[in-house]
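Colleague: Could you take me slowly through one part of this model, the place where the two chains meet, and then say a little about the partner chain? I am in my first year, so please connect each point to the next.

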Amino acid sequence: MADTTQEAPLLKIAGLKRYFDVSPPLLNRILERQPRLTLRAVDGVDFTINRGETFSIVGESGCGKSTVARLIVGLYRPTAGSIVFDGVDMSGLQSRKAMAPLRRRQQMIFQDPYASLNPRWRVRDIIAEPIRAFDLIQGSDKVAARVGELLRQVGLSPVDGEKYPHEFSGGQRQRISIARALASQPEFLVCDEPTSALDVSVQAQILNLMKDLQRQLRLTYLFISHNLAVVYHISDHVAVMYLGRIAEVAPTRSLFSRPRHPYTRMLLDTIPDLDMTGRQRTPVAGEVPNPINPPPGCSFHPRCPFANHRCKREQPQPKQVDDALVACHGVEEGRLPPDTRPLTVAPSLTA
Amino acid sequence: MTAIAASVRRAIDSDLFHSFRQSPVTVGAAIVAIVYILAAGLAPWIVPHNTYEVSNLNLSNAFLPPAWTQDGKAAYLLGTDDQGRDVFSTILLGARVSLTVGVCAVLFAATLGVTLGLISGYVGGMVDSAIMRVADIMLSFPAILIALLIDGIARGVLPPETHTRLSIYVLIASLGLSTWVQYARTVRATTMVEKSKEYVMAARVIGIHPALIMIRHVLPNVLGPVLVIATIGLAVAVLSEATLSFLGVGVPPTQPSLGTLIRVGNNFLFSGEWWMAIFPGVALVILVLSVNLLGDWLRDALNPKLR
């Protein structure tokens, strides 16, 4: 970690926004006088990811973390903001041709291993698809050799390439998904909840495989999850997202031992833990507001125990607090009680 | 060789074949349909009388009743028509025309419908709206009316000899253009489901061209329902063809289909020569019924909710 911080970051995201038009159809708008509606899935997000690290984004469902992942790999076009990958702003690239060299260098691992592999394709064709698309290796026997090598790398056998996806378990499918992502020899992998559809025992295997591959291939991960135990296990930096914005970014140990943002504190309180049996814990109050019509001021203020008048009117901007970036008026004004806790996360996962 | 043997063994082991064997009605329908299709396909070589060779016809053989009646001749099993043609032979040759038109119309409609449905579902937005509004308009007319309209236009535009020569293609086109909507709607719906699945996203992340994603990834996954519609659609197309030919706008009389035979026989129904209309009618019913039964079975067998 320490030696990589001097280098230029691999990915730098600034002011990233993505709005979706969720208006009713034209006829309904005219006849029923309904207004146009915009869903602000991502509403101004900044962060940087250093080479070789694992950067995690956590948050509740619907906070926009998956949208950020899809914006980075180019599945969506940003409404505003920049995505600079290794010095090149990808949001400026228009044509498929211009995107291709960058696309080879970043790949994605998906959440649902049952939907992410085409059921009609043999595994060897699924894994070879990026190789053929980027024309990386010529000759079918050489491609087959590379596919075999990739399968072995993720802990499967080269003969598994002849099978169809339905012949594998969830964990094995996720290994195939990882092999496909590695096929184009990327530097950067976006992992959108790669373990949340798996059994707990299999989750640990996949996470350890990902850690091993990161060491061997010098990969950089953007890891999207709602599982704090998994995030604690794998990350170097963690960003907490709430309603399309980032509440807090901090190094993992700092975030888990000294959470600053009230939302981070609330999330950490929800982690089940043997030591906390019988102890009073703050229940998660309220729900995530509707991103079509977010509350004014700080979007967290309806659920925040420390909210005051300023929070209801003024949107907080991220400010540097020690080693963290926090967007909270209360933290900025120093009126929040300090919160330090022992690092007792991840009881269910053994490295 | 072993690969073929393995795939045959897999086919016999499959759920589909199992549910096929469980239903005696389906097995019966399949046997009837296969015999029928073979007989119709090989008709020019197996018919007892070549009824379209004018030199073979003898007017003294006209209006012969079926062989088992008093005046019947053993050589003419189902009797003869007003020109002295063997009814059994004309039915086989007519079924061949009917099946050809039906299969071609289904292939045409399926190709058109699947292509438009795939584009509509995958691209979405304005393209989707445009294609689906055209489909809605097509659906608001009865299929026979559209077919009559297209045939009428072709008759008006083309010179008469050209029209007679091309009438079978006009018929195929008009049947296809009036039935593609079903395929388009079904494929559009399944495409919209498949499009949001992560394997399509994985292909998009790699930067595969949308047309290739549609053909290689989405298409194989939306063809299941198309197979069912096509089977039932074949029965409907054969019936529609018979209807159009009965109305006199189908295939020319020199190449009669089952519908044409029924129309010609209809003229003699009340003068007592019932066999000229009844036997082609029975032949049509058997064909449509067996294909329909197969289609129904396929629909149920491929529906996971009914397993």
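Modeller: Between them, chain A and chain B bury about 1,900 Å², and 59% of that buried area lies on carbon and sulfur atoms. The size of an interface is often given as the accessible area lost when the parts come together, so this is a natural figure to begin with. Please keep in mind throughout that the model is a predicted one. On the side of chain A, the residues that lose the most area to chain B are A:Leu75, A:Arg96 and A:Glu129, which together account for 29% of what that side buries.

If we count residues instead of area, 23 residues of chain A are in contact with 17 residues of chain B. Sorted by class, the side of chain A that touches chain B is made up of eleven nonpolar, five polar and seven charged residues. As for where they sit, helix H3 (96-105), strand S6 (106-109) and helix H4 (123-133) of chain A each contribute at least two residues to the side that touches chain B.

We can also ask which kinds of pairing cross the interface. Ten residue pairs are in polar contact between chain A and chain B, with both residues of each pair at pLDDT 80 or more, whereas the rule for salt bridges finds zero of them across this interface.

Turning to the partner, chain B has twelve helices and zero strands, so that, read from the N terminus on, every element in its run is an α. Its C-alpha atoms fill a box of roughly 75 × 50 × 35 Å, taken along the principal axes. Of the 307 residues in chain B, 45% are buried, while the accessible surface of chain B comes to about 15,600 Å², with 69% of it belonging to carbon and sulfur atoms. Among the contacts in chain B between residues at least 6 apart in sequence, 71% join residues that are at least 24 apart.

For a single residue of chain B, consider B:Arg133, which is found in helix H6 (residues 125-139). B:Arg133 counts as partly exposed because its relative accessibility is 47%, and partly exposed covers the range between the buried limit, under 20%, and the exposed limit, over 50%. Along the chain, B:Arg133 and B:Ser120 are 13 residues apart, and their C-alpha atoms are separated by 11 Å.

Notes
Residues are numbered from 1 along each chain as its sequence is written. Chains are lettered from A and ligands numbered from 1 in the order in which they are written. This is a predicted model: local features need pLDDT of at least 70, side-chain atom pairs count only at pLDDT 80 or more; totals for chains, interfaces and linings use all residues. Side-chain values use heavy atoms; hydrogens and water are left out. Contact means heavy atoms within 4.5 Å. Buried area is the accessible area (1.4 Å probe) that two parts lose on being put together, summed over both. A salt bridge is a side-chain nitrogen of Lys or Arg within 4 Å of a carboxyl oxygen of Asp or Glu. A polar contact is a pair of N or O atoms within 3.5 Å; within protein, one must be able to donate a hydrogen and the other to accept it, and residues adjacent in sequence count only if both atoms are side-chain atoms. Helices (H or I, at least four residues) and strands (E, at least two) are DSSP runs, numbered from the N terminus. Ala, Val, Leu, Ile, Met, Phe, Trp, Tyr, Cys and Pro count as nonpolar, Asp, Glu, Lys and Arg as charged, and the others, Gly among them, as polar. Buried means under 20% relative accessible area, exposed over 50%, partly exposed in between (1.4 Å probe, protein chains only). Accessible areas come from the Shrake-Rupley method with a 1.4 Å probe; for residues, only the protein chains shown count as cover.
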